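I set out to look up the open and enclosed spaces of this model, and then the strands. My entries are kept in the order in which I made them.

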Amino acid sequence: VTHTDLDGIGAIVVGKTILNKQHIDMKFCGYHNVNETVINSLVSSENYSHIFITDISVNKNTAEYIETCHKGRVTLLDHHSNLDYLYKYDWAIVKPGQEGNKDRECGTSLFYKFLKDKLNFQSNQAMENFVEKVRRYDTWDWYDYYNDNEAKQLNDYFGKIGFFDFINEYVNKIKRNDKELFSESAKKILKNSQRNLDQLVKSKEKQMKIKNIDNYTVGFIFS
């Protein structure tokens, strides 16, 4: 069970790569339906041996339900703040980090480190690079500290090709230890996307209305 952004989908890539010999169902959710999704998964006829919840958290009632009825079948890994009520559960790994600090964790990196610690598998450079790019994008380290445009482009590419194609491409890329983050076809998609964005910005600049408000110069664009 995972969130629908790059970090949530990155955790799926990690899980499907490392646990490749096991049957894995993927369930994507937002904050509006995460509790329902988790509860339905716990009582499903599929009878899952274990459920990982990544980059998103359940509320207090669902957490207590897990603790009471399904402890041992769930591991939650999240990095968001305001989740103090989960700290008391040994199945919940919550590491929000200090706002403004460098190298904070994200859901993908927490899941990767958890599996690496539990399974002691042999990682590779492609996996390490993928996890770090996702982490940098999700925590804004790409912008604040590293000037890492590739991390932003990874999110752009994810937005262009969608969940399933992104997952399949990067699982296969990591399995063969392909150290290039983007294929030639991916680079073309990103190049075309950036050109279209640049053209849009240029056209909107011509439509911009400039006003002075309280000693600030403000631009207005209506679309």
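The entries below concern pockets, a cavity and strand pairing in a predicted model.

**Entry 1: the largest pocket**

I began with the volume of the largest pocket, which is about 520 Å³. Its lining comprises 22 residues, and I noted H23, I24, D25, H50 and F52 as those nearest the centre. I then asked which elements each supply at least two residues of this lining. I found α1 (6-18) and β1 (51-54). The largest share comes from α1, with four residues. By class I recorded ten nonpolar, eight polar and four charged residues in the lining of the largest pocket.

**Entry 2: the second largest pocket**

For the second largest pocket I noted a volume of about 210 Å³. Its lining includes H79, H80 and S81, the run P96, G97, Q98 and E99, and also R104 and E105. D138, T139 and W140 complete the list for this pocket. I sorted the lining of the second largest pocket into two nonpolar, six polar and four charged residues.

**Entry 3: the cavity**

I next looked up how many cavities of 30 Å³ or more the structure holds. There is one, and the largest cavity has a volume of about 40 Å³. I listed its lining as A126, N129, F130, Y170, K173, I174, D178, K179, E180 and L181. Two or more of these residues come from each of α5 (125-139) and α8 (163-175). The lining of the largest cavity divides into five nonpolar residues, one polar residue and four charged residues.

**Entry 4: strand β2 and its partners**

I turned to β2 (residues 74-78) and asked whether its residues are buried or exposed. Five of its five residues are buried. I then examined the directions of the side chains: V74, L76 and D78 point one way from β2, whereas T75 and L77 point the other way. This fits the general pattern, because side chains in a regular strand alternate between the two faces of the sheet.

For the pairing, I recorded that β1 and β2 run parallel and are joined by four bridges. I51 has V74 of β2 as its bridge partner. I also noted that β1, helix α3 (residues 60-69) and β2 form a right-handed β-α-β unit. With strand β3 (residues 92-94), β2 pairs in the parallel sense over three bridges. There I found V94 of β3 as the bridge partner of D78. D78 is also among the buried residues of β2.

How values were computed: Residues numbered from 1 in each chain as written. Predicted model: local features only at pLDDT ≥ 70, side-chain atom pairs only at ≥ 80, totals over all residues. Heavy atoms only, no water. 1 Å grid on protein atoms, 1.4 Å probe; cavity = no way out; pocket = protein on both sides within 12 Å on 5 of 7 lines; lining within 4 Å. Points joined across faces, edges and corners; volume = space filled by probe spheres on them. Nonpolar A, V, L, I, M, F, W, Y, C, P; charged D, E, K, R; others polar. Buried < 20%, exposed > 50% of the residue type's maximum accessible area, 1.4 Å probe, protein only. Pairing = 2+ DSSP bridges. Right-handed = clockwise from strand over helix to strand, strands pointing away.
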